[in-house]
Amino acid sequence: MNRLKRFFRKLFSLNFYFTLFTIGEIIIALVIARLISSAFGIDLNDSPFTYFFICAVFVGAGLAILINSFFLKPIGKLCESMKQVSGGDFSIRLNEKSKIKEIGELNRSFNAMTEELGQTEVLQSDFVSNVSHEIKTPLNAIEGYATLLQDSDFTEEEKRRYTEKILFNTRRLSDLVGNVLILSKLESGAVDVSEKTFRLDEQIRESLMLLEPKWVEKDIEFDVDLDEIIFTGDKNLLCHVWNNLIGNAVKFSPNGGLVTLRLEDRPDRVTFSISDCGPGIGETAKKHIFDK
């Protein structure tokens with residue numbers, strides 16, 4: 001049954017209708033020739049009109065073949081490719097070299113679309129994979145330390161240390177889930193932007209102090225130079241920005257490393273910069289620094 005459906009779907013295509021249209025033109029031409037013959041008493045067998053008619057038929061057939069080759073086949077190929085893309089295959093590419101300018105531009109646009117869709121699919125897949133891994137790590141730690149606490153042979157000091165590990169990984173998990181929720185809301189436009197006027201430099205210092213346990217543990221030094229800036233914007237969202245930037249700098253810096261913070265009030269903008277002594281970002285990864 002499905003094969004029969006596919007056969008009729010292919011049968012009643014643009015090529016089929018165009019062929020019918022061409023045959024119809026020939027039949028109409030024959031009818032017109034007969035009418036002219038009857039009206040004017042022209043003998044079609046001995047008249048130059050016959051040769052003209054035959055030439056017209058061949059010209060029409062030739063035009064039909066050209067139109068089919070240059071227009072209908074590329075359109076049919078595009079339709080078939082769109083079906084494959086809708087099925088999740090983003091590797092499809094069409095020939096961009098065409099004698100018809102519009103067909104070439106259409107194929108280029110299609111290729112650009114499939115390439116972008118393919119990259120988006122990879123990014124989404126990587127994002128889900130990375131988030132799953134990041135969530136699994138603290139969950140495994142929490143489960144492991146909770147299992148250890150069931151053993152009554154541990155001293156109170158050991159139990160206290162394991163409890164601190166559980167709390168640390170719980171906060172880590174909470175931060176991760178919070179960041180994912182914020183990212184989801186930002187992308188869907190569901191975040192209510194609440195603008196307030198506040199000291200931007202003081203907010204950065206607060207984030208720095210909030211992360212103190214992390215940089216103290218690694219003996220990180222800071223070189224901080226922040227201009228006093230009164231800023232109007234969403235305070236909560238910017239707080240996540242500073243926590244992520246400073247947190248990453250501390251995370252990837254070696255023990256005893258130096259992190260430099262600069263906040264400059266320029267005539268046309270406010271500039272914040274942060275640098276650390278970590279391994280840096282590879283050249284191939286730099287173009288993805290703003291991807292999820």
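**Exercise 1. In what order do the elements of the protein run from the N terminus on?**

Start with the ground rules. This is a predicted model, in which local features need pLDDT of at least 70, side-chain atom pairs count only at pLDDT 80 or more, and totals for chains, interfaces and linings use all residues. Residues are numbered from 1 along each chain as its sequence is written, and side-chain values use heavy atoms, with hydrogens and water left out.

Step 1. Fix the terms: helices (H or I, at least four residues) and strands (E, at least two) are DSSP runs, numbered from the N terminus.

Step 2. Read off the order: α-α-α-α-α-β-α-α-β-β-α-β-β-α.

Step 3. Check the tally: the protein has nine helices and five strands.

**Exercise 2. Describe the protein as a whole: burial, surface and contacts.**

Step 1. Take burial. Buried means under 20% relative accessible area, exposed over 50%, and partly exposed in between (1.4 Å probe, protein chains only). Of the 292 residues, 22% are buried.

Step 2. Take the surface. Its accessible area (Shrake-Rupley method, 1.4 Å probe) is about 21000 Å². Carbon and sulfur atoms hold 59% of that.

Step 3. Take the contacts (heavy atoms within 4.5 Å). Among those with a separation of 6 or more, 68% link residues 24 or more positions apart.

**Exercise 3. Find the largest nonpolar core and the elements that supply it.**

Step 1. Define it: a nonpolar core is a set of buried Ala, Val, Leu, Ile, Met, Phe, Trp, Tyr and Cys residues joined through side-chain atoms within 4.5 Å.

Step 2. Identify it. The largest core has 17 residues. Leu200, Ile204, Trp215, Trp242, Ile246, Leu261 and Leu263 have the most contacts inside it.

Step 3. Trace the suppliers. At least two residues each come from α6 (200-210), α8 (235-252) and β4 (258-265). Helix α8 gives the largest share, five residues.

Step 4. Zoom in on Ile204. Neighbours within four places in sequence are set aside; Ile204 then contacts Leu226, Trp242, Ile246, Leu261, Leu263 and Phe272.

Step 5. Look elsewhere. A second, separate core has six residues, including Leu78, Phe90, Ile92 and Phe110.

**Exercise 4. Compare three salt bridges by position and exposure.**

Step 1. Set the cut-off: a salt bridge is a side-chain nitrogen of Lys or Arg within 4 Å of a carboxyl oxygen of Asp or Glu. The whole structure holds eleven.

Step 2. Begin with Glu157 and Arg160. Their closest N and O atoms are 2.5 Å apart. Both residues sit in helix α5 (residues 156-188), three residues apart, about one turn of the helix. Glu157 is partly exposed at 42%. Arg160 is partly exposed at 40%.

Step 3. Move to Arg205 and Asp201. This bridge spans 2.9 Å, N to O. Both partners belong to helix α6, four residues apart, about one turn of the helix. Arg205 is partly exposed at 31%, whereas Asp201 is buried at 1%.

Step 4. Finish with Asp223 and Arg262, whose closest N and O atoms are 3.0 Å apart. Asp223 lies in strand β2 (residues 221-226) and Arg262 in strand β4, so the bridge ties together parts 39 residues apart in sequence. Asp223 is partly exposed at 32%. Arg262 is partly exposed at 24%.

Step 5. Look for shared partners. Salt bridges join Arg199, Asp201, Glu202, Arg205 and Glu228 into one network.
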